[in-house]
Amino acid sequence: MKFDTIKLSELAAIQTGPFGSQLHKEDYVVHGTPIVTVEHLGSRKFTEQNLPCVSDKDKERLKKYVLKTGDIVFSRVGSVDRCSYVSAEYEGWMFSGRCLRVRPCEKLNPEYLYYFFLLEKTKQFVRNIATGATMPSINTKFMGEIPIRVPSLDAQNKIASILWMIDDKIELNKKINKNLEQQAEALFHSLFVENANPTWKDGMLSDLGTVVAGGTPSKTKPEYYSEQGIAWITPKDLSLNKSKFISHGEIDISELGFYKSSATKMPTGTVLFSSRAPIGYIAIAANEVTTNQGFKSVVPNENVGTSFMYYLLKFLLPTIEGMASGSTFKEISGAGMKSVPVVIPDNET
């Protein structure tokens, strides 16, 4: 496929949002036209929480900052590679002074351009041309320097159509998974909380599974770490990976690092539970893993199983937080985790 490489400034109009001198905080209203800002960017759709709004009068006064279908809105400061696509549902919204709007010309399929912006190579280019060490920023001139690979319009349409359909499918799958997750949690509450059998015995978490702490190999020994070694999970990994399952963290540890640390290998199906900074990140090991010392994970007993343990720990989170201690940051100890009070259902339930 033949590509021409053309600067963005030759293919799109790039506009900075209204600044403080044009729009003051007191101009915002409760009901009006939404204004997207940096916090609302980062995916195909805007995040619609905490949207500021302006009156019809201010919208007319600042009409050159009104969005239309096919525009792409970038963060002008901070995470300058973040962007969102303006679909028909956002037609007529506005964008803030902390953002840049890219409006492609007729030579570009807007959806193709959006996906081009999502390429890691393009993101890296944007990060590299940003100025400012503490708070990176980008302006219309720098943005215009981005090289865009432009195939024929027919090829753009085909590429965009395929990628858009894949994203639609991903979005649908996420909705289905969310619904199934809600059903599973509701079933757990129904069986084990709301309709708990009064004859079930009281016990401790250690009666239902083995509580396992983690360990960290010395950071001064690079040979203790590996890009492809033993999976090693930290709380930071769970903060970045919002999935229910996790297989690897940002970096693995080597066999030597494992041998030289207190890390413990845990089997597939172990429920990982962060015990500090913060307490309560929960995920399921998709394969054999180790963790750092910021976890008190639970290997469920065979008759208990992963699913029950996962929802039990989610339910017990307020109790565990209440049992934590510490002045700088709260932490639940291994002994504390083992002694968390539980009700032990019969095996059949």
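Helices here are DSSP runs of H or I at least four residues long, numbered from the N terminus. With that settled, a quick note before you start clicking: this is a predicted model.

**Whole chain**

Start with everything shown as a cartoon. The protein chain holds 9 helices and 21 strands. Its C-alpha trace spans about 70 × 50 × 45 Å along the principal axes. Of the 349 residues, 42% are buried. Now turn on contacts between residues at least 6 apart in sequence: 72% of them join residues at least 24 apart.

**Stop 1: the sheet**

Select β2, β9, β6 and β7. These 4 strands make an open sheet in just that order, with antiparallel pairing. Color the edges, β2 (12–16) and β7 (83–85), since each of these pairs on one side only. Look along the sheet and you'll find a twist averaging 20 degrees from one strand to the next.

Zoom in on β6, residues 72–75. Antiparallel to β7, β6 is joined to that strand by 3 bridges. Which residue of β7 is the bridge partner of F74? Click across and you land on C83.

**Stop 2: the helix on the sheet**

Keep the sheet on screen and add α2, residues 110–118. Helix α2 packs on the sheet and touches β6, β7 and β9 (99–104). Compare directions while you're there: α2 makes about 160 degrees with β7.

Show side chains on α2 next. Which residues of this helix are buried? They are Y112, L113, Y114, Y115, F116 and F117. To see what covers them, bring up β6, β7 and β9 again, then add α3 (120–129), β10 (147–150) and α5 (153–194), which are among the covering elements.

Before leaving, select N109 and E111. N109 caps the N-terminal end of α2, with a side-chain oxygen 2.8 Å from the backbone nitrogen of E111.

**Stop 3: where two helices cross**

Hide the strands and leave α2 and α5. The two pack at an angle of about 70 degrees, and their axes are 8 Å apart. That angle makes α2 roughly perpendicular to α5. The crossing of α2 past α5 is left-handed.

For the contact surface, select E111, Y112 and Y115 on the α2 side. On the α5 side they meet Q156, I159, A160, L163, W164 and D167.

**Stop 4: Q156**

Pick Q156 out of that group; this residue sits in helix α5. Is Q156 buried or exposed? Its relative accessible area is 0%, and the cut-off for buried is under 20%, so Q156 counts as buried.

Show everything Q156 touches beyond four places away in sequence: K107, L108, N109, Y112, V150 and P151. N109 is the capping residue from Stop 2, and Y112 is one of the buried residues of α2. Then draw a distance from the side chain of Q156 to K107: a polar atom of that side chain lies 3.1 Å from the backbone oxygen of K107.

**Stop 5: P18**

Finish in the loop between β2 and β3 (28–29), where P18 lies. P18 has a relative accessible area of 7%, so this loop residue is buried. Select Y65, F95, S96 and G97 to see what P18 touches, leaving aside residues up to four places away in sequence.

For a last sense of scale, draw a line from P18 to S206. The two are 188 residues apart in sequence, and their C-alpha atoms are 58 Å apart in space.

Technical notes. Residues are numbered from 1 along each chain as its sequence is written. This is a predicted model: local features need pLDDT of at least 70, side-chain atom pairs count only at pLDDT 80 or more; totals for chains, interfaces and linings use all residues. Side-chain values use heavy atoms; hydrogens and water are left out. Two strands pair if DSSP finds at least two bridges between them. Axes are lines fitted to C-alpha atoms, for helices over the stretch in contact, and angles run from 0 to 180 degrees between N-to-C directions. Contact means heavy atoms within 4.5 Å. Buried means under 20% relative accessible area, exposed over 50%, partly exposed in between (1.4 Å probe, protein chains only). A polar contact is a pair of N or O atoms within 3.5 Å; within protein, one must be able to donate a hydrogen and the other to accept it, and residues adjacent in sequence count only if both atoms are side-chain atoms. Angles under 35 degrees count as roughly parallel, over 145 as roughly antiparallel, 65 to 115 as roughly perpendicular and the rest as oblique. A crossing is left-handed if the near helix is turned anticlockwise from the far one by less than a right angle, and right-handed if clockwise.
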